[in-house]
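Here's a protein–DNA model to walk through together. Keep the viewer open and follow along strand by strand.

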Protein chains: 2
Amino acid sequence: MMKSIHDLTEALDRTLELVVLFNDDMQQELARLGLSVPRAHLLWLLHHNGPMTQRALSDALDVTPRNVTGLVDGLAGTGFVTREQHPTDRRATLVSLTEQGATTLAAMDESHKELARRLFADMPSARLASFVSALADVTARLREARS
Amino acid sequence: MMKSIHDLTEALDRTLELVVLFNDDMQQELARLGLSVPRAHLLWLLHHNGPMTQRALSDALDVTPRNVTGLVDGLAGTGFVTREQHPTDRRATLVSLTEQGATTLAAMDESHKELARRLFADMPSARLASFVSALADVTARLREARS
DNA sequence: TATTGTTATACTCTATAACTATA
DNA sequence: TATAGTTATAGAGTATAACAATA
C-alpha cells in the first residue's frame with residue numbers, strides 16, 4: 001500500500017488534534033490550582049533546581065527579565081513563592097517555593113502520574129513502546145525541520 | 001515485560017515534549033505570515049465556512065463577542081478580512097476573507113502539507129498506521145478523562 | 001424582550017527602553 | 001563598565017458589565 005499525501009496530512013491533523021487537546025487540558029488543570037501555564041513553568045523550574053535568581057529564571061524560561069518580574073509578582077501575591085536576598089550578590093533576588101508552592105508541585109506530580117496511567121496503562125506494552133518510538137521520530141524530524 | 005509507572009510517565013513526557021514543540025513551531029510559522037494563533041484560527045474558520053457573523057465566530061472560537069471584536073479589528077487592520085453588512089439583519093456584521101486573507105490561507109495549506117511530508121513521508125506505512133491509531137486512542141482517553 | 005456588536009474597564013503575558021543599585 | 005532587577009510604556013488576548021441599535 002502506497003502512502004498518499006492524504007495519509008500524511010491525516011497523521012498531522014491527528015497530531016495537531018492531540019496538541020490542542022493537551023493544551024486545553026493543561027490549562028484547565030492548572031486553572032483549578034490557581035495557576036497559568038507560564039507561572040506553572042516557573043514553579044516547575046524551582047521544583048527541579050531549587051531557589052533561582054530571576055536572571056536564571058529569565059534565561060531558563062526564555063523571556064525578558066521584565067517578564068520574570070511580573071510572573072514572580074503574581075506568584076508571590078498568590079503565595080506560591082517568596083523573594084529573598086541573594087547571600088552574596090546584593091543586586092540579585094533568590095526566588096524560592098513556599099510550602100504552598102511545594103505542596104502544589106507535589107499535587108501536580110501526582111496528577112501527572114494519574115494522567116499517565118489513564119492514558120497509557122491499558123495500552124499493550126509493545127504498542128506503547130512503538131508509540132513512544134514513533135513520537136521520538138516525529139520530535140526529531142520537527143527539530144530538524146526547524147534548525 | 002511489565003510496564004512500570006516510569007514507562008507510563010515517560011510516554012506522557014514524550015507526548016508533552018511534542019506538544020510544546022508543535023506549539024512553538026506553529027507560533028513561529030504564523031508569526032512569519034503576520035499572524036497569531038487566535039487570529040489564524042479565526043481565518044481558518046472563514047476559510048472553511050465562508051463569511052460568518054461575529055456572533056457565529058464567537059461561538060465557534062469559544063470566546064466572548066468582545067474578544068471577536070478585537071480579533072477582527074486586528075485582522076481587518078492588517079488586511080486579512082473585511083467587515084460587511086449582513087444582507088438581512090442590520091444588527092449583524094459579516095466577516096469575510098480578503099484576497100490577501102485567501103492567499104495566506106492557501107500558503108498555510110501548502111506549508112501544512114509540506115510539514116506533513118517532512119514528518120511522515122519517510123515513515124514505513126505500517127508504522128505510520130500504528131502511530132495514527134495510537135494517537136486516536138490517546139485522544140479518546142484524554143477526552144474521556146475530561147468529561 | 002432578546003440579540004448583535006460596541007464602549008468601558010481590567011487582568012495576564014509579552015516586549016523594549018530607561019534607570020537604579022550593585023559588582 | 002557590566003549585570004540584576006525595576007519603573008514606564010505598549011500591545012495582544014482574554015474576561016465582565018453596561019449600552020446602543022435592531023429584531
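Of the atoms of DNA strand C within 4 Å of the protein, what percentage belongs to sugar or phosphate? The figure is 75%, and bases make up the rest. Before going further, some housekeeping: this is a predicted model, where local features need pLDDT of at least 70 and side-chain atom pairs count only at pLDDT 80 or more, while totals for chains, interfaces and linings use all residues. Residues are numbered from 1 along each chain as its sequence is written, chains are lettered from A and ligands numbered from 1 in the order in which they are written, and side-chain values use heavy atoms, with hydrogens and water left out.

Let's stay with DNA strand C. It has 22 residues around it, where being near a strand means having a heavy atom within 4 Å of it. The closest are A:Ser36, A:Arg90, B:Arg55, B:Thr69 and B:Thr93. For polar contacts with the DNA, look for pairs of N or O atoms within 3.5 Å. On the phosphate side, B:Thr69 puts a side-chain N or O atom 2.5 Å from a phosphate oxygen of DNA strand C. On the base side, a polar side-chain atom of B:Arg91 sits 2.9 Å from a base oxygen of DNA strand C, and the side chain of B:Arg66 has an N or O atom 3.4 Å from a base nitrogen of that strand. Helix H2 (37-49) and H4 of chain A, together with helix H3 (54-61) and H4 of chain B, each give two or more residues to this surface. Helices here are DSSP runs (H or I, at least four residues) and strands are E runs of at least two, numbered from the N terminus.

Now swing over to DNA strand D. Its surroundings also come to 22 residues, the closest being A:Arg55, A:Thr69, A:Arg91, A:Thr93 and B:Ser36. Sugar and phosphate account for 72% of the strand D atoms within 4 Å of the protein. A:Arg91 reaches a base, with a polar side-chain atom 2.8 Å from a base oxygen of DNA strand D. Two residues go for phosphate oxygens of DNA strand D: A:Gln54 has a polar side-chain atom at 2.9 Å, and A:Thr93 has a backbone N or O atom at 2.7 Å. At least two residues each come from helix H3 (54-61) and helix H4 (65-77) of chain A, and from helix H2 (37-49) and helix H4 (65-77) of chain B.

Next, the sheets. In chain A, three strands make an open antiparallel sheet in the order S1-S3-S2, and strands count as paired if DSSP finds at least two bridges between them. Its edge strands are S1 (52-53) and S2 (81-85). S1(A) joins strand S3 (residues 93-97) of chain A through two antiparallel bridges, and A:Thr53 stands opposite A:Leu94 in S3(A). H4(A) lies across S2 and S3 of chain A, at about 115 degrees to S2(A); axes are lines fitted to C-alpha atoms, for helices over the stretch in contact, and angles run from 0 to 180 degrees between N-to-C directions. Contact means heavy atoms within 4.5 Å.

In chain B, the open three-strand sheet has the order S1-S3-S2, with antiparallel pairing. There, B:Thr53 has B:Leu94 in S3(B) as its bridge partner. H2(B) packs on that sheet, touching S1, S2 and S3 of chain B, and makes about 90 degrees with S3(B).

Technical notes. Polar contact = N/O pair within 3.5 Å; in protein donor to acceptor, adjacent residues only side chain to side chain.
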